[in-house]
Amino acid sequence: MPLIKTEHLEKTYVGDGVETQALRDISLSINEGEFITIMGPSGSGKSTLMQILGCLDRPTGGKYFFEEREVNTYSDDELAHIRNKKIGFVFQAFNLLPRVSVLENVMMPLMYARIPARERERKARQVIEMVELSDRVDYHTSRLSGGQKQRVAIARALITEPKVIFADEPTGNLDSKSGEVVLKFLQELNDEGHTIVVVTHESYVAQAARRILHIIDGTIDKDEAVERQRIIAKEGFIK
Amino acid sequence: MQLRDTIKTAFAGLVVHKSRSVLTILGIVIGITSITIVMSVGEGAQSYILGEIHRFGPNNVFILPGKFPTGPTSGMGSLLNDSLKLEDIKDLELKNNVPQAVKVVPFVFGSVPVSFENELQRMMVMGSVPQSQEIFNLEVERGRYFDQFDLDSHARVAVIGSTIAEDYFGTIDPLRHKLKIKGFNFEVVGVLASKGQGSFINYNKSVLTPYTSIQTDVLGIKYFQRVAVEAESEEAIPAVIEDIKRVLRDNHNISDPDKDDFTIQTQEDIAQRVGTITGILTVLLASVAAISLIVGGVGIMNIMFVSVTERTKEIGLRKALGATNRNILAQFLVEAAVLTISGGIVGIAAGVVLTYGATVAVQRFAEINFPFSFSVNGMILGIVVSTSIGLIFGIFPARHAAQKQPVEALRSG
């Protein structure tokens, strides 16, 4: 059963009366448990695609089915619940709240899920341990390094046990060592059954995936399976 | 998301911008401070005036000539009415007619020229009976008050207030000197002790005589302008009023109570009327203060808009993580409300402190025994008003925040 399925997806922006077509005729399907990389040069529309797939934005044409239901039939509130419970995000710029502790940041999605405070904290400490940041629980996020920040973001994406994690250039602001660690975690999550979608323009990041979707000029150029997935934890990656 | 989380989140949002939050609520603080002061001073003024009225003797009932004064000008009208005659006084004094009356004290008064040597001023000259000393609670410092003999003999004697004694006579002892009241010579027989400010009649600047000596000669009237009747107790007042009405209607041949040519006022009536007046003044002043609250509210709205724009990214992030429009709306609305409510609380505290300071200053420097009063109504009003301002002026920025698309919000910055 495909978790994500699109049919002739389109996205057109209108700014100052000029129409810009960011995506056209995107038909794809992603099954549960996949590790897929969406690759393309900057401006190719890959981020726009991720935002639509992540229910942050709505397509202007075509159809998008999340768990076999068409997303356009969901209300804003329903989409918010889907983002809250079924989708996790990791952003290039980390997007953590500054001047707030690691714990508070990680707990935030559970607050919107109406989970009691005590339960929130227990779960947050669990996922923080998974990303090996237990000794930084009470730190303000502004005091963390880039790699640590991205691990906090992963913990935050993970805490609601989502079906799919979208990562938009997760290594873009990191040195290669930290990037490696982030990819290692994503791969481990995939091994545990999470669907992972990574958007990147760097080909070496794609080595970690099992499938690569090439986007050029807003449309699918190539959809290829990776013959031999690189196990980052063992092999590291080659830049 | 639970309310407690919303409030916590809102607090966290405000604490991050401490100095901005403080500056934002300044307008509200000033507004609520002024309202608190106005309400508290208003309440203080009211209790002060009521205290003054009660000091005058709660058992006193006043008879005014003329129809019941209802409008602001009819009080003047009643002074021109001549329905209260000497025979009425005599009948009221009869024990059989008004058994529970202790004293019946008629008055005449007018502002007339009073001179001594080269000094000439218009003065309040009041004519009454010797019992007026007790009813007004007057103390004679030198000499004596006029007595029944003076009254019966139409003696041209005068008791003068302490200020007049100083102004007219300076270091000379005024006793046995003659004052010219509208051309008639009156011998000064007594000087009143100085009486504290704040009474309705400034006795320090009054000249008191037997009414018989000035009623026809000086004032040229044949009636009385006021009659004070002292009841033996507060409980006896209704009975006394009924008796007075019966006697006067009898004397004036009035059968229809609607055609009464006199009005009876109790201290209660006067107190009520004063209460109404100070109440209106308080509302008026508080409305002026309320304008500053609106200005403060607009200030809050402004800053909230700036804050929403600045935090577009945070809003986007929260939405990406599952916040609904309602969650975001609540967060910013509660932020605005927390701002204005704290402004309200600070304002109330400042208002109370300033009112207390001003009261102490008035008591010390103006020697008016103005009481300190803390208006509970003012406090409740302050809290209610500041909360509503937060909600009213917070709603637009909060809706603006809630309606941001998650993707737009994430893209910015």
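**Group meeting: a walk through chains A and B**

Let me start inside chain A, where the buried residues of helix α5 pack against β6 (87-90), α3 (102-112), α4 (117-130), β7 (164-168) and α6 (176-191) of that chain. One word of caution before we go on: this is a predicted model.

So, what does α5(A) look like? It covers residues 146-158 of chain A, 13 residues in total, and it reaches 18 Å from its first C-alpha to its last, close to the 18 Å expected at 1.5 Å a residue. How many of those 13 residues are buried? The count is 11, which makes α5(A) mostly covered. If you want to click on them, the buried ones are A:Q148, A:K149, A:Q150, A:R151, A:V152, A:A153, A:I154, A:A155, A:R156, A:A157 and A:L158. You will notice A:K149, A:R151 and A:R156 among the buried residues there.

Next, the sheet in chain A. Four strands form an open sheet in the order β2-β1-β4-β5, and the pairing is antiparallel. Which strands stand at the edges? They are β2 (18-31) and β5 (69-70) of chain A, each with a single partner strand, so one side of each is left without a neighbour in the sheet. As a reminder, strands of a sheet pair through backbone hydrogen bonds, either parallel or antiparallel. Now look at strand β1 of chain A, residues 2-15: 10 bridges join it to β2(A), and the two run antiparallel. If you would like one pair to find on screen, A:K5 stands opposite A:S29 in β2(A).

For contrast with buried α5(A), let's visit a loop. A:E192 is found between α6 and β8 (195-200) of chain A. Is A:E192 buried or exposed? It has 10 C-beta neighbours inside 10 Å, and 12 or fewer is the cut-off, so A:E192 counts as exposed. From A:E192 to A:F66 is 126 residues in sequence and 21 Å in space, C-alpha to C-alpha.

Over to chain B. There we have 14 helices and 10 strands. The radius of gyration of chain B is 32 Å, well over the 22 Å that the globule rule gives for 413 residues, so chain B is more spread out than a compact globule. Its C-alpha atoms fill a box of roughly 105 × 55 × 30 Å along the principal axes. Chain B is divided into domain 1 (3-53 + 272-411) and domain 2 (82-260), and the C-alpha centres of these two domains lie 53 Å apart. Buried residues make up 40% of the 413 in chain B. Among contacts in chain B between residues at least 6 apart in sequence, 81% join residues at least 24 apart.

Finally, where do the two chains meet? Here 20 residues of chain A are in contact with 18 residues of chain B. On the chain A side, α2 (76-85) and α3 each supply at least two residues, and α2(A) gives the most, with 6 residues. By class, that side of chain A has 10 nonpolar, 4 polar and 6 charged residues.

Let's finish on α2(A). Its buried residues include A:L79, A:A80, A:I82, A:R83 and A:N84. What do the buried residues of α2(A) pack against? In chain A, the partners are β4 (61-66), β6 and α3, and chain B adds α11 (312-320). Thanks, everyone, and I'm happy to take questions.

Notes
Residues are numbered from 1 along each chain as its sequence is written. Chains are lettered from A and ligands numbered from 1 in the order in which they are written. This is a predicted model: local features need pLDDT of at least 70, side-chain atom pairs count only at pLDDT 80 or more; totals for chains, interfaces and linings use all residues. Two strands pair if DSSP finds at least two bridges between them. Domain bounds come from an automatic or database domain assignment. The expected span of a helix is 1.5 Å times one less than its number of residues. A residue is buried if 20 or more other C-beta atoms lie within 10 Å of its own, exposed if 12 or fewer, and partly exposed in between; C-beta atoms are placed from the backbone. Two residues are in contact if their C-beta atoms, placed from the backbone, lie within 7 Å. The radius of gyration is taken over C-alpha atoms; the globule rule is 2.2 Å times the number of residues to the power 0.38. Ala, Val, Leu, Ile, Met, Phe, Trp, Tyr, Cys and Pro count as nonpolar, Asp, Glu, Lys and Arg as charged, and the others, Gly among them, as polar.
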